[in-house]
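Reader: I should like to go through some of the terms used for this model, and to hear in each case what the term rests on.

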Amino acid sequence: MRIITLLTDFGLRDGYAGVLKGVIWQHAPQVQIVDLSHDIAPQNVLEGTLALERCAPYFPPGTIHLAAVDPGVGTDRLPLAADLGGFYFVGPDNGLITTLVRLARRQGIVPRFFHLNQKQFWLPEVSNSFHARDIFAPVAAHLANGVPLEQLGSPLKDAVIFEIPMPSPKDEGWRGEIIHIDHFGNLATNLRSNHLAAFTNVHIHVGEYTIRNLSPAYHSNARGDLIAMIDSAGYLAICVVDGSAADFVQAKVGDPVEVHITTSPSLLPS
Amino acid sequence: MRIITLLTDFGLRDGYAGVLKGVIWQHAPQVQIVDLSHDIAPQNVLEGTLALERCAPYFPPGTIHLAAVDPGVGTDRLPLAADLGGFYFVGPDNGLITTLVRLARRQGIVPRFFHLNQKQFWLPEVSNSFHARDIFAPVAAHLANGVPLEQLGSPLKDAVIFEIPMPSPKDEGWRGEIIHIDHFGNLATNLRSNHLAAFTNVHIHVGEYTIRNLSPAYHSNARGDLIAMIDSAGYLAICVVDGSAADFVQAKVGDPVEVHITTSPSLLPS
Amino acid sequence: MRIITLLTDFGLRDGYAGVLKGVIWQHAPQVQIVDLSHDIAPQNVLEGTLALERCAPYFPPGTIHLAAVDPGVGTDRLPLAADLGGFYFVGPDNGLITTLVRLARRQGIVPRFFHLNQKQFWLPEVSNSFHARDIFAPVAAHLANGVPLEQLGSPLKDAVIFEIPMPSPKDEGWRGEIIHIDHFGNLATNLRSNHLAAFTNVHIHVGEYTIRNLSPAYHSNARGDLIAMIDSAGYLAICVVDGSAADFVQAKVGDPVEVHITTSPSLLPS
C-alpha cells in the first residue's frame, strides 16, 4: 500500500480537495489518501511547510506528500518533485518543501529535486490556476505506481528553501518567536527543549506576561492558568488550561517569546 | 476489513487528525479510517460522547472507535480500551465512553474495560499532550490487527461514566433539556418519542415559545415555522424550517424543554 | 474498485457524514469513499449542483455521486437514482442532479431515471429527516455491489431539473452573473471563454469596477489587484491577487457581471 497525503489552502467547501482524490484514484486506484489539512491560511506557504513538518515523521516510508499552497500557480514558478530519502514531495517550487528538506538533511539524506516537465503524466488539459489537480495529483499517482522521478521530470540542482526564523541567544537565555497558533489557541514557538536548561529555574516572557517554569502536562494546573510546556512536536508552547492562549495573550505569529534561565527562580515576581 | 473511526476536538487545520491516520496505517495498512468529527468543542467530553452515540449504531461489527477529547492528557487519568460486545473503544478514561457503555448495556452486554499499560504497543516516544497519536492510534491499529485487549492492557473493574441528564416527570408531561445543537441549528433534546403520547395533543415549551403538536417531516410546514419533530436519532428536536432554531429561540445546550400532554389541544393559544 | 462521492450540507461537526460511511461500508466494504463537500450552504440545492459539476468530470467511470442537500426530506419529493452514462447519481429528486444531467447530455447520453422504492435495499428503519443515511447510503452501496438500478427502483420519465441562469447577449457583449463564491473569495460567473472574443479588447464590469482584459495567471499581477481570468472550471472569474474579490467588490451570488468587447481598449478609463 502507498499513501498520498494532501495539504492545501483550498478549504473544504468547494470540492477542490475531493477532485484531487478523483484524479489520483483514476490513475492509482490502490493508494490510500489522507487529508493533512485543507485549511492552511490562503497563500501562506510558511504555515503550510510548518504543518508538513509536524505530520511527515508519522507516516510510513514511501509516503508521498502532495502539497499545494501555491500563490504563483500559472507563473514561472516550477512544478517540483523530490525524493527525500524515505518519502516524497510533489508540489510547487516555492518554499513549501523547506521543512521536509530540513527533516531529510538531519537524517543525513541528500535530497534529489526534479523539475516536473513531462506532460504525458499530466491531465490532458492544464489550467493556469489549478496545478494541484492538473499536474501534481496525476504525477503523485504515477509516482505511487512506481514511475521513477527521472521519468516524471528533469533533475534540478536546488529547490526554493525558506529561511525559517531561528531563536537567537540572549544574556542567560534565548529570544524566539511564535511560529504557529493551533486550533486550541496554543502558541507554538521556535524554541526547543534544548534551549531550556530544565523544567525549573526558567522564566518565559510573552507579551506582558511572565510564566515561571514549565508544566509537565496540560491539566497539571488550574483551569484558566497561563502555562508553558513542551508540545507534542518538541517545541516550547504557551497554553491556557481549558482556554485559548492566543486570546488571553492577544498574540500573533511572529511575536517574540523570551526564555530567561534563572539561578534563583524567586528573584522575579510571578 | 476493519474500520477505525476517529472523533476528536482537534479541528482540521493543524494536521493533528491526519497524523493519526499515518500512525494507524504504519501498523495496520489494511484498515479503513472514518472521521466522525474533529470539531467537538474543545475539551467538551459530554458533546463528544453524545456524538459517539449518534454514530456508533451505524457501523459494522468489529468497528473500533478511537476518541480523543482529552483535557486530562498527561495527568493521572488512565488510557482506556473497552470491548463493548460488537465494537471497541480506545481513548481516555474520562467519561467519553459513557454513551457506548449505555448502548452496550441496553443490548445486555457486559463491557470489559482495560487499562492500557503495555508500552511495547505505543510509539517509542510518548508526549505529555498527544496521547491520541502516541498511545491510542497505535493501540487501535494493533487491536485491528488482532492483538487481544488482554495483551494491550490490564483488566479494569470500571470506567469513568458520566451522569447524562435525563428528563423528569411533570404534571401531565415531562421536563427535559437541550443536549445538542447541530450544524443546522436544530435543538436536540433528551426527550424520546416514548415521552410523548402521540404526535397530537401535545404542547412543547422552549424559551418563550409554545409549539403545538409534532410535525411528521421537516418541510411539511412553511419556511420559517418553528416546529417540533422526532429527529433521526429518535429524540424530540426543535427546528426552524429553512432556518436555525438556535438563532430563533436564542437557545443553548442545557436550556429546559417541557412537554405538556393535553386532552384538548384547543385549550392553549397557539 | 468503485468510488462513492459524498456531497451534503451536513457540516463536519455532528458525525452525520461519518455515519454515511459506516452504512456504506456495512454493505460494500470494498468501495472507496470521497468527501466532495459537506459545507454546501444549508438547503442550497443550486450551490450543491454547481459543486457537483466542478467535481464529477474528474472521477473515473462508474463513480457513484451520493448527494444530499434535501430540504424536502420526509415530504413527497421522490428518492432518485440515475444512470448518466459513465456515472451515477443517488439522492433527492429536487434539482440537485441538474448539472450532472447537463454533463451527460453534452456527451450525447440519454439519462435513465429511477424512483427508489424498493425498501428491501434500505435500512430497516427509515427516519423522516435523514434519508441520506437510511435510503441513499445503502442504495449507493448496493449499486456499487452491482445491483442494477432496475432492481433498486422503478423507471421514472423525468427528474426535477433546475433552470440554471444563463448569460444573455448585450450590445457588443454579454450580461452574466456571479454563480459561486469560493473559499478564496473568487467570484465565478456563468460566462465561459467562448463569451469572450479573446484575452484582450475586453472590459469586465462588476459592481462599480471595470477590469480591462483577462490575466493569463493569478500572480501575473500585483498583490491586491482586481483581475479577471478563466478559472479551472472554464468560467470567467473575478479575483483579487492574494486577497478576496468577494470582500473587495462586496459581491454576492446573483450579482450581474457584464462583458463588453471593445474594438479599441483605450476608449474606456481603466
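Author: Helix α1(A) lies across β1 (3–8) and β2 of chain C, and runs at about 145° to β2(C). The model is a predicted one, and what follows should be read in that light.

Reader: What makes β2 an edge strand of the sheet in chain C?

Author: The sheet is open and has seven strands in the order β2-β1-β3-β5-β4-β6-β7 (chain C), with mixed pairing. Its edge strands are β2 (32–37) and β7 (153–156) of chain C, since each pairs on one side only. From one strand to the next, the twist averages 25°.

Reader: How do you know that β6 and β7(C) are paired?

Author: Two strands count as paired if there are at least two bridges between them, and four bridges join strand β6 (residues 112–116) of chain C to β7(C), the two running antiparallel. As one instance, Leu116(C) has Gly153(C) in β7(C) as its bridge partner.

Reader: Why are α1(A) and α4(A) called oblique to each other?

Author: The axes of α1 (residues 16–27) and α4 (residues 131–144) of chain A come within 8 Å and cross at roughly 40°. Angles under 35 degrees would count as roughly parallel and those from 65 to 115 as roughly perpendicular, and α1(A) and α4(A) are therefore oblique. Their crossing is right-handed.

Reader: Which residues make that contact, and how do they divide into nonpolar, polar and charged?

Author: On the side of α1(A) the contact is made by Val19(A), Leu20(A), Val23(A), Ile24(A) and His27(A), and on the side of α4(A) by residues including Ala132(A), Arg133(A) and Ala137(A). The residues of this contact divide into eight nonpolar, two polar and one charged.

Reader: What is the relation of α1(B) to α4(B)?

Author: In chain B the axes of α1 (residues 16–27) and α4 (residues 131–144) come within 8 Å and cross at roughly 40°, which makes α1(B) oblique to α4(B). The crossing is right-handed, and among the residues of α1(B) that meet α4(B) are Val19(B) and His27(B).

Reader: Is Ala137(C) buried or exposed, and how do you know?

Author: Ala137(C), which lies in helix α4 (residues 131–144) of chain C, has a relative accessible area of 0%. The cut-off for a buried residue is under 20%, so Ala137(C) is buried. Beyond the residues up to four places away in sequence, Ala137(C) touches Leu20(C), Val23(C), Ile24(C), Leu66(C) and Ala132(C).

Technical notes. Residues are numbered from 1 along each chain as its sequence is written. Chains are lettered from A and ligands numbered from 1 in the order in which they are written. This is a predicted model: local features need pLDDT of at least 70, side-chain atom pairs count only at pLDDT 80 or more; totals for chains, interfaces and linings use all residues. Side-chain values use heavy atoms; hydrogens and water are left out. Axes are lines fitted to C-alpha atoms, for helices over the stretch in contact, and angles run from 0 to 180 degrees between N-to-C directions. Angles under 35 degrees count as roughly parallel, over 145 as roughly antiparallel, 65 to 115 as roughly perpendicular and the rest as oblique. A crossing is left-handed if the near helix is turned anticlockwise from the far one by less than a right angle, and right-handed if clockwise. Contact means heavy atoms within 4.5 Å. Ala, Val, Leu, Ile, Met, Phe, Trp, Tyr, Cys and Pro count as nonpolar, Asp, Glu, Lys and Arg as charged, and the others, Gly among them, as polar. Buried means under 20% relative accessible area, exposed over 50%, partly exposed in between (1.4 Å probe, protein chains only).
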